[in-house]
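User: I am new to this structure and would like to see how its labels are earned. Could you walk me through the reasoning?

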Amino acid sequence: MTSLLTAIRARISSRIACAAAVTAMCAVALGLRVIPRYNIVFAGDWVRFAENDPWYHMRLVENLLHNFPNLITFDPFTVFPHGQDVWFAPFYDLLLGLVVWLIGAGSPGRHLMEVVGAYFPAVLGALTVVPVYFLGRELFGRGAGLLAAGLIAILPGEFFVRSVLGFSDHHVAEILFSTTAILFLVLAVRTARERATDFGHLRHGDWRRFGRPLVFALLAGVFLGFYMLSWVGGLAFVGIIGLYAIVEYLVNHLRGRPTHYLSIVFIPLFLLALVMLSPFRYVAYQDLGAALLGLGILAFALMGGLSWLMARRGLRRVYYPAAVAGLGIAGFGAVYLIAPSLFEFMLIPVVGVFTPGVAARTISEVQPLLSPAGVFTLDIAWRYFTAGFFIAPVSLGLIVWTMVRDRNTDRALLVVWSLVILAATLTQMRFAYYYAVNVALLTGYLSARLLAWSGFFKLRVWETKEGSGPEKIRESRKEKRARKRAERKRGATASGGGYVLPLVTAAVVFFGVFYPNFGHARELAALAALGPSDDWHSALEWMRHETPDPFDDPGYYYQPYDRPPAGESYRYPESAYGIMSWWDYGHWITYIAQRIPNANPHQVGAAEVAGYLIAQDEPSANERLERLGSRYVVIDFSMVMGKFYAIAIWAGEDDSRYLERYYTRGPDGALSHAVVFYPEYYRSMCARLYSFGGHAVVPEDSTMVISYTEEPGLEHKVITAAESFSTYEEAITYLEAQDGPNHRLVGTDPFASAVPLEALEHYEQVFASPSVRGTVGDHTISEVQVFEYRPEGIGH
């Protein structure tokens, strides 16, 4: 009796210690995400949310709180003159809105909403530590779970950035819900396999064997539903779970095991997620998600039924994979023939992830992880994952090897999940926020094995209890010898010696795996994911208070809206108008200025706006502006500099038509970079408005003619000669006298035109932000400038 009580006390103490450790990790995760950013987010009298999308989430939550619990599904305050369906999945905004509504006792103010919204992603990011711990514990043991939880708490990169204070976007919810869904799926499959659950237990009401796996499967379905309701691209995990299910069905049948328990897990999981998704299917991708869930349910039933039928008839097991492949091909063929549009729509997510278009590549997060500028580099991978990026593939290879050796699929889900997410991350660095969980788990596993080898603690892989799974994990001779050595080390430690190896190993793990993350995390928290500058905020506040309300009713911003009939645009009143600016700023314009942008960060309207910004003459630009119903044009410094190449590409142009990077060769032969600007750059509406204020320009000592060569092996052309001219006419005369094509008229200063420019007749500057970038004649170049378009002309 005494020994039993001692064992119970030891178990309780162990659980309390783990709970305390996980709680401490959550606190560290929350502190890293909040403290360095506090003075950035809560600056002055407004809350600075990060980047772009968080501002639109706050727009949706604010409207929700005015119409609680109804969330708008169409918004006329974006993409003028059409309006747009709300592309964000609803659950993140509903959850945040509910929290704000409860804290505000049913009538929260805007400031309370913004404060809670700023903290919300940091809290969700800290809570992600919990499912990572339990998932690591279930897969590898308590030690690996603790190490994985510690890593996800501090791991820098996309997940960290998307869960900091002020980054109120749905991405952190995706990770929390998807990881929790995977956790419950692992538990469901494991318990169903251990209990040999089948449909006979259901018929006979044997809930002891049937109930626990079903509960875990339903919980996995709940969190898969939450996940899919948090991101319109949530069907990604439907595919991952589907691939894993196929692996399990094939392996189990080929080994002669019944597959009933798999159907008992996967069918309820997908069915419950489908039920949760059904009321919210107002976005096309959610329709696709529902279709894939339905097809998955059918596929699980067919694979399970086929396995049972073939086993019952004694058919050779090797026929099963061919039969499953045949059913799959037949199913896809049927979808292609019956609903070709659905088949093509099913391919869009795969094509969009793994083969993004040229215009999409102008978005920084869509760049490949290892070659963001077309040149191989490990810099971003190191900053995102530090040593974990290199440890994770080694750990994954070790797991695959042990699975093959031990003939079990306990970790097959982790392998499938990690490989798919790694492929997506290498293609687009945005998916690094998903891969963070995989890196934490895989790195935690290998680190725990190293610590176990040193005698620091035991891993489940070293000591396996009988009955803990369908098979006892076998030790190789090498592992057995290593375990015995570790046991001897632990015995020596108990007698007062042998501390060196465990402590050295722990130091190597801490300084090699954990310590590098702290510096990167603190740096990212303070510098990354910044929102609108003070100049932008002042411009938008001016716009809200000094420009006409587009609906002649400020309260209309808070109203629910009816979606227009399919294929039709929203019916705006005559007073409505659009704001012409680059798509990056669309959500700021909607939320802060409460005006209607022509384009937004969904890239809707981006091509039309780009066409206006690079238009080469005022009549064609005005025609575009009037077609879009724009009344004001907002341009900032980055649009004429860093973003200009993207504007050209979105307009369907090669950016080298406007500006180009060259090499110049110094006296010692060393190459250096130089950017030159072509006449088309200066003639663009973007440059004429921002850099020159729409005034007439006569070049003075700013026109140059360069000669260049194209040398094999060099990425850029090499300038061999450059002549400067006092007037544009002199430069043209010189250029026309040159032989050969390798000569161009250029400027080297974006704010000193190399070509004459006529005054714009229909644009007047009505706002300039406080920060000044320079002056051109009488025009002061402010950080952000607003121009009003007047169809009748400035003088009228």
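Analyst: Happy to! Let's start with Asp 85, whose relative accessible area is 30%. Partly exposed covers the range between under 20% and over 50%, so Asp 85 counts as partly exposed. Keep in mind that this is a predicted model.

User: What makes Asp 85 and Arg 563 a salt bridge?

Analyst: The closest N and O atoms of Asp 85 and Arg 563 are 2.9 Å apart, and the cut-off is 4 Å, so the pair qualifies. The link joins distant parts of the chain: Asp 85 sits in strand E4, while Arg 563 is in the loop between helix H23 and strand E5, 478 residues apart. Arg 563 has a relative accessible area of 38%, so this residue is partly exposed too.

User: How many salt bridges are there in the whole structure?

Analyst: The search finds 21. One of them joins the side chains of Arg 110 and Glu 62, at 2.7 Å from N to O. Arg 110 belongs to helix H5 and Glu 62 to helix H3, so this pair ties together parts 48 residues apart in sequence.

User: Why is Glu 62 called buried?

Analyst: Its relative accessibility is 4%, and buried means under 20%, so Glu 62 earns the label. Its partner Arg 110, at 28%, is partly exposed.

User: What separates Arg 627 and Glu 623 along helix H26?

Analyst: They are four residues apart in H26, which means about one helical turn. In general, an α-helix has 3.6 residues a turn, so residues three or four places apart point the same way. The side chains of Arg 627 and Glu 623 meet in a salt bridge at 2.6 Å, N to O.

User: How do you know that the length of helix H13 agrees with what is expected?

Analyst: H13 has 18 residues, and at 1.5 Å a residue they should span 26 Å. The end C-alpha atoms are 26 Å apart, so the two values agree. H13 is also mostly covered, with 13 of its 18 residues buried.

User: Is Trp 453 buried, partly exposed or exposed?

Analyst: Its relative accessibility is 36%, which lies between 20% and 50%, so Trp 453 is partly exposed. This residue lies in helix H20 and helps make a nonpolar surface patch of about 440 Å², together with Leu 450, Val 500, Val 504 and Val 508. Helix H22 gives the largest share of that patch, three residues.

User: And what makes Cys 686 buried?

Analyst: Cys 686 has a relative accessible area of 0%, and the limit for buried is under 20%, so the label fits.

Definitions and conventions: Residues are numbered from 1 along each chain as its sequence is written. This is a predicted model: local features need pLDDT of at least 70, side-chain atom pairs count only at pLDDT 80 or more; totals for chains, interfaces and linings use all residues. Side-chain values use heavy atoms; hydrogens and water are left out. Helices (H or I, at least four residues) and strands (E, at least two) are DSSP runs, numbered from the N terminus. The expected span of a helix is 1.5 Å times one less than its number of residues. Buried means under 20% relative accessible area, exposed over 50%, partly exposed in between (1.4 Å probe, protein chains only). Patches are made of residues with over 30% relative accessible area and no salt bridge: like charges are joined within 9 Å, nonpolar side chains (Val, Leu, Ile, Met, Phe, Trp, Tyr) within 5 Å. Accessible areas come from the Shrake-Rupley method with a 1.4 Å probe; for residues, only the protein chains shown count as cover.
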